[in-house]
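Student: Could we go through this structure together, slowly? I would like to know what can be read from it.

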Amino acid sequence: MSEASLRELACEARLNLRHLPDYMDSIADRLRSFEAGESHHGQRIDFRFAFGAASIDVEQLVMRAHAPDRDGLARIKDLLATAVQVYAKDENPEIVWTGDLSGETSLAQFREMTVTEVRDLTPHMRRIRFAGEDLTRFAKFGGMHIRMLFPTRDVPDPLWPVLGGNGLPVWPADDRRPAARVYTIRALDAASGIIDVDFLVHPGESVGSAWATQAAPGMKVGIMGPVGRPVRQAGWYVMGSDETGLPALARMLETLPAHTRGVAFVEIADEREKQKIDNATGIELHWLTRDGIPAGEDRLLTEAVRSVAWPKDVSTFGWFAAEAAAAKIVREHWRGTLGLGRDQTLAAAYWRRGAAGLMAG
Ligand SMILES: Cc1cc2nc3c(=O)[nH]c(=O)nc-3n(C[C@H](O)[C@H](O)[C@H](O)COP(=O)(O)OP(=O)(O)OC[C@H]3O[C@@H](n4cnc5c(N)ncnc54)[C@H](O)[C@@H]3O)c2cc1C
């Protein structure tokens, strides 16, 4: 056992940024949305996560991370570096971590996976089982999704990303770069080294759907994750999704506590797309069928979600995942019309009509 694994792991990066205070509110807001507790000590802000801790010193221009294990430290480095890259991008920040794991080149959030089983749940939903090593981190951090890395016709033999000195992935040149798409871990059995992903097979040129159509045992993909923020615990939920959000919605219905109440709407192409879900909660599940209307054009789902009256006597949460225009309608209703906060709602665009690879970057 190395010395580093016997003690808390720690590292730091200097922030050569002239306007750091200008970005701090946005950076802190992003870190809080990953369930960080926050405290202020003069010019230093401390963040405490379930898996470790971080601090950003606005005066000394340094950020620090520490965690009890490698997964935790890698996760915090990734969260900090991503937040700085996103909000300070005008200053083109150069982040170089020193300390524990700084010489590491393997990417903690990456695994190569091999297809072991392919089966059709419905005419358009294909469940693919993948086997891989050391999957425990995909049950941590509260995120249910993964970025899947696929070979394509143009790049049949991709190279996988490695870890850069800034704590973020370094990608190969375009001629070896895999194509990324976001999917949900429908089921995870870390002890057996297995994950299941449900792929919607949709019309048109694509990467993920096209790959799933011809998937067969032995084929390899990369996965990175987990991706996404934890869904807030509440006593009552209103949920809505189309087929792309169904794997996440189904997973929530199967795992939320039995006393949870609420209502969930799932939009599907037609009756044949209904799936059996082991709903462990008191949330009522309703299926809405498009019956010939193309995906992303029907408004039944948004109407149903908007018609729900939110109770006042219980903690509540609204969760929605579907085509971008539908997500916008629901977000505006919840945040604008009902005046609900970000901590009570999540209305996410899972795909956009006419756009490839939404959210996969
Ligand atoms: C957090 C998250 C979790 C997700 N989980 C899942 C999941 O578990 N299973 C799943 O199937 N999808 C899931 N999605 C949606 C999926 O990432 C998108 O549908 C993605 O565009 C699929 O990639 P593609 O290569 O098949 O199509 P792309 O190459 O991205 O798009 C090609 C064309 O197909 C269209 N298209 C994309 N999606 C659809 C659709 N659903 N119906 C009709 N046309 C479409 C696009 O508008 C575009 O014109 C998730 C998305 C997010 C953000």
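Tutor: We can take the confidence of the model, then its core, its ligand and two of its helices. This is a predicted model, in which local features need pLDDT of at least 70 and side-chain atom pairs count only at pLDDT 80 or more, while totals for chains, interfaces and linings use all residues. Residues are numbered from 1 along each chain as its sequence is written, and side-chain values use heavy atoms, with hydrogens and water left out.

Student: What is the mean pLDDT of the protein chain?
Tutor: The mean is 94, and 98% of the residues reach 70 or more, where pLDDT is the predictor's confidence in each residue, from 0 to 100. Over residues 1-5, however, pLDDT stays under 50. Where pLDDT is low, the predicted coordinates should not be read in detail.

Student: OK, the core. How many residues does the largest nonpolar core have?
Tutor: It has 36 residues, and Phe49 and Trp97 are among those with the most contacts inside it. A nonpolar core is a set of buried Ala, Val, Leu, Ile, Met, Phe, Trp, Tyr and Cys residues joined through side-chain atoms within 4.5 Å, and buried means under 20% relative accessible area, by a 1.4 Å probe with protein chains only.

Student: Which helix gives the largest share of this core?
Tutor: That is H2, with 7 residues; helices here are DSSP runs of H or I with at least four residues, and strands are runs of E with at least two, numbered from the N terminus.

Student: And what does Phe49 touch?
Tutor: Beyond its neighbours within four places in sequence, Phe49 is in contact (heavy atoms within 4.5 Å) with Leu31, Phe34, Ala36, Ala54, Ile76 and Leu79.

Student: Switching to the ligand, which backbone atoms lie by its oxygen atoms?
Tutor: A backbone N or O atom of Gly357 lies 2.5 Å from a ligand oxygen, while polar backbone atoms of Leu200 and Ser209 are 2.8 Å and 2.9 Å from ligand oxygens, respectively. The protein covers 91% of the 920 Å² of accessible area that the ligand has on its own, as computed by the Shrake-Rupley method with a 1.4 Å probe.

Student: Why is helix H4 called largely enclosed?
Tutor: Because 8 of its 10 residues are buried, H4 (residues 246-255) is largely enclosed by the rest of the structure.

Student: Last one: is Thr302 buried or exposed?
Tutor: Thr302, found in helix H5, is buried, with a relative accessible area of 1%. Not counting residues up to four places away in sequence, Thr302 touches Phe320, Ala326, Ile329 and Val330.

Definitions and conventions. Buried means under 20% relative accessible area, exposed over 50%, partly exposed in between (1.4 Å probe, protein chains only). A polar contact is a pair of N or O atoms within 3.5 Å; within protein, one must be able to donate a hydrogen and the other to accept it, and residues adjacent in sequence count only if both atoms are side-chain atoms.
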